[in-house]
Amino acid sequence: MAAAKGIPMVDLAPFFTSDREDDGARAARASAIEAVVEACRTYGFFRVVNHGMPRELMSRSLELSSAFFALPDEEKAKAAAETGSATPIPAGYFRLPSHSPENAEYLLMYQPHLGHNLYPADPHEFREALDECHEKLAKLGILVQEILAEGMGLRPGFFQEYTDSDSSFHFIAALHYFPATEEDGSVGLSKHEDGRALTFLLQDNVGGLEVLKDGEWVPAEPIDGTIIVNIGDLIQVLTNMKLKSATHRVVRKPGMHRHSLVYFLSIDADKWIEPLPEFTDKVGEPPHYRGFRHREYAELRNRNKFHPPATPEEFYNINYYAI
């Protein structure tokens, strides 16, 4: 595992050389698994390189996202999210309300086969790029789940038993953060932890993502061709805090528009979430969380986004279930 400007870097190439099954290949995979688990224990974040997603697709998707958000407001509004959606968060375009402390807009898309998406007509290539990103990131998500399962001593396919469902509602959000100004400050995304299972980030060259580590904010500066991965609250609960859902934020910069694509891999809404016996009873440790239905926690988190409370202390997070 190499350190890359503060965030550990893991090379996933050993998992894409299926024609090799010698001792060297097995050792390389074991080393990568160890590096991922160690990063998730200490940072909760890591970068991956040689991850199976073409660099050309990454850059093209970010360019198309930038082109969409540069459109006039009335054009973007044609893909506006509709109320009364069957999804946890409505698909489509959304601008955060003026009373939100965050100054950003996004376009949200679920798995294409679910039929919930509202695609923008312009740029016309954007739909194909988003669907292709979904396909590649879903495959990367399966790989990372398998790496974590093996690294934590769980059976193959364990995490997919939680995530492999249409009601998991994995989604991609194309995000645009406006430049910082003296009037509205530099908050792009307030400090928080991700409320789902895993998050995968593609970012442009502007930067702004920071991870809280040992009381200090560590910049996750852009490195071309890499994808940033982080643990979400649900994995932290299942592993009884063995793996870390890290606090992070986005800081906007003056005169610079920031664009990113984020893939959120989630868990079936009806799944019961509680610390697993492998990390409690079987190792003689008490659970750090009481159990809950995932749907309940998702609804609490959505209140934060769409009905922001008056102060950060009133935001719901996973500590709501802490013991």
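Start by selecting K213 in this predicted model: its relative accessibility is 18%, so K213 counts as buried. Now add D214 to the selection. Here the relative accessibility is 67%, and D214 counts as exposed. Show both side chains and you will find a salt bridge between K213 and D214, with an N to O distance of 2.7 Å.

Next, select R295 and D270. Their side chains also meet in a salt bridge, at 2.5 Å from N to O. This pair connects distant parts of the chain, with the two positions 25 residues apart in numbering: R295 belongs to helix α7 (residues 294-306), while D270 lies in the loop between β13 and β14 (272-273). How exposed are the two partners? R295 is partly exposed at 37% relative accessibility, and D270 is partly exposed too, at 44%.

While you have salt bridges on screen, pick out E56, R60 and E132. Shared partners join these residues into one salt-bridge network.

Now move to helix α4, which covers residues 126-151, and select E135 and K139. A salt bridge joins their side chains, at 3.6 Å from N to O. Why does the spacing along the helix matter to look at here? The two residues are four apart in helix α4, so about one helical turn separates K139 from E135. Colour them by accessibility if you like: K139 is exposed, with a relative accessible area of 51%, whereas E135 is partly exposed at 43%. Across the model, the count of salt bridges comes to 15.

For the last stop, select R258, which sits in strand β13 (residues 258-265). Side chains of opposite charge can pair when their charged atoms come close. What does R258 have instead of a salt bridge? R258 is buried and has none; D204, the nearest side chain of opposite charge, is 5.0 Å away. That distance lies outside the 4 Å cut-off for a salt bridge, so D204 does not count as a partner. Turn to Q203 next, and you will see its side chain in a polar contact with the side chain of R258, at 3.1 Å.

To finish, show the surroundings of R258. Leaving aside residues up to four places away in sequence, R258 touches L175, H176 and Y177, then L201, Q203 and D204, followed by V206, G207, G208 and L209, and also V250. Both Q203 and D204 appear in that list, so keep them displayed as you look around the buried arginine.

Methods: Residues numbered from 1 in each chain as written. Predicted model: local features only at pLDDT ≥ 70, side-chain atom pairs only at ≥ 80, totals over all residues. Heavy atoms only, no water. Buried < 20%, exposed > 50% of the residue type's maximum accessible area, 1.4 Å probe, protein only. Lys, Arg positive; Asp, Glu negative; His and termini not counted. Polar contact = N/O pair within 3.5 Å; in protein donor to acceptor, adjacent residues only side chain to side chain. Contact = heavy atoms within 4.5 Å.
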